[in-house]
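User: Please go through the structure below in question-and-answer form, with definitions given as the terms come up.

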Amino acid sequence: GDYGAITMLPTSGEKVDFSPLRASGYVKEKTIFSPTLLKCRFLRYQTEISLVPTMHGAKGSIKYGEKSQNKRLFIDFSKRNSQIEIDFENGIVKGFVSNHILPQALPKNFKEFFIIKFNAPINLKNTIAEVSGEEQSENHLYKGENLKISLCFDTENTEISYSIATSYISFEQMDLNFETEIGKKSEEELFLEAEKLWNEKLSKI
């Protein structure tokens with residue numbers, strides 16, 4: 001978005017590729033891009049991701065093939081300065097990005113704070129990051145420019161769920177947004193809430 005963004009790509013396998021060659025194709029006719037739901041299957045990795053948005057976050061799931069090895073999630077935090085802290089045991093990634101596209105209109109220290117909670121632990125040894133072109137691993141904290149990371153989940157399950165919350169103010173506001181918008185709601189409940197909100201807004205046009 002204009003004020004901060006991350007991109008996520010579920011992958012699998014031993015090799016970690018931080019170059020643009022990691023890209024995957026998808027079938028347009030079988031992909032959903034709507035205001036209330038994103039669902040996409042990546043042909044190269046035989047993985048699928050879904051995402052239901054809220055006002056300041058999202059909830060979704062990642063599906064891997066039955067024979068997938070090293071279930072991974074590649075996250076690109078873009079070019080400017082970013083910082084992430086990983087709680088491997090509890091499957092939590094927390095940090096901030098400052099990759100907004102409006103540097104002249106925003107304060108120099110403007111950040112988007114975020115948290116991603118997975119329902120699976122993250123493997124410390126097999127999680128690999130790249131910071132300013134240099135690979136790093138087995139750290140709980142990563143920070144710098146051009147930050148990318150390949151998380152490796154420590155689970156036998158073929159489906160992993162996740163929840164995201166964000167804030168442009170602080171980590172405390174981010175946590176509040178998580179509790180008020182997502183909490184213990186399911187992906188289906190949030191989808192129905194989003195559909196209702198969009199229908200209410202569109203009915204006024």
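**Salt bridges and other local features**

User: How many salt bridges does a search of the whole structure find?

Analyst: Side chains of opposite charge can pair when their charged atoms come close. Here a salt bridge is a side-chain nitrogen of Lys or Arg within 4 Å of a carboxyl oxygen of Asp or Glu. Searched over the whole structure, the number of salt bridges is 3.

User: What should be known about the numbering and the model, and what pLDDT does the protein chain average?

Analyst: This is a predicted model in which local features need pLDDT of at least 70 and side-chain atom pairs count only at pLDDT 80 or more, while totals for chains, interfaces and linings use all residues. Residues are numbered from 1 along each chain as its sequence is written, and side-chain values use heavy atoms, with hydrogens and water left out. pLDDT is the predictor's confidence in each residue, from 0 to 100. In the protein chain, 98% of the residues score at least 70, and the average pLDDT is 93.

User: In which helix is confidence lowest, and in which strand is it highest?

Analyst: Helices (H or I, at least four residues) and strands (E, at least two) are DSSP runs, numbered from the N terminus. Confidence is lowest, at a mean of 93, in helix α2 (residues 187-202), and highest, at 98, in strand β4 (residues 47-53).

User: Which residue forms a salt bridge with Arg-22, and how many residues apart in sequence are the parts tied together?

Analyst: The partner of Arg-22 is Asp-76, with the closest N and O atoms 3.5 Å apart. Arg-22 sits in the loop between β1 (7-11) and β2 (32-34) and Asp-76 in strand β6 (residues 72-76), so the pair ties together parts whose separation in sequence, in residues, is 54.

User: Are Arg-22 and Asp-76 buried or exposed?

Analyst: Buried means under 20% relative accessible area, exposed over 50%, and partly exposed in between (1.4 Å probe, protein chains only). Arg-22 has a relative accessible area of 15% and Asp-76 has one of 16%. Arg-22 is therefore buried, and Asp-76 is likewise buried.

User: Which residue pairs with Glu-130 in a salt bridge?

Analyst: Glu-130 lies in strand β10 (residues 128-131) and its partner in strand β13 (residues 148-152), 18 residues apart, a link between distant parts of the chain. Glu-130 is buried at 13% relative accessibility, and the partner is buried with a relative accessible area of 13%. The closest N and O atoms are 3.8 Å apart, and the partner is Lys-148.

User: How far apart are the closest N and O atoms in the salt bridge between Glu-193 and Lys-185?

Analyst: Glu-193 is partly exposed at 39% relative accessibility, and Lys-185 is partly exposed at 27%. The closest N and O atoms of this salt bridge are separated by 2.9 Å.

User: What is the volume of the largest pocket, and which residues lie nearest its centre?

Analyst: On a 1 Å grid over the protein atoms alone, a pocket is an open set of points with protein on both sides within 12 Å along at least five of seven lines, whereas a cavity is a set where a 1.4 Å probe fits but cannot get out; lining residues have an atom within 4 Å of a point. Grid points are joined across faces, edges and corners, and a volume is the space filled by probe spheres set on the points. Strands β1, β3 (37-42), β4, β5 (57-63), β9 (112-118) and β14 each supply at least two residues of the lining. The volume is about 700 Å³, and of the 26 lining residues those nearest the centre are Ile-6, Thr-7, Met-8, Leu-51 and Ile-164.

User: How far apart in space are His-140 and Phe-88?

Analyst: His-140 is in the loop between β11 (134-137) and β12 (141-144) and is partly exposed, with a relative accessible area of 46%. His-140 and Phe-88 are 52 residues apart in sequence, and their C-alpha to C-alpha distance is 7.9 Å.

User: What is phi near in Asn-70 and in Ser-132?

Analyst: Asn-70, in the loop between β5 and β6, is buried at 18% relative accessible area. Ser-132, in the loop between β10 and β11, is exposed at 51%. Neither is glycine, yet phi is positive: for Asn-70 it is near 50°, and for Ser-132 it is near 50°.

User: What separates the C-alpha atoms of Ala-58 and Leu-141?

Analyst: Ala-58 belongs to strand β5 and is buried, with a relative accessible area of 5%. Ala-58 and Leu-141 are 83 residues apart along the chain, and their C-alpha atoms are separated by 24 Å.
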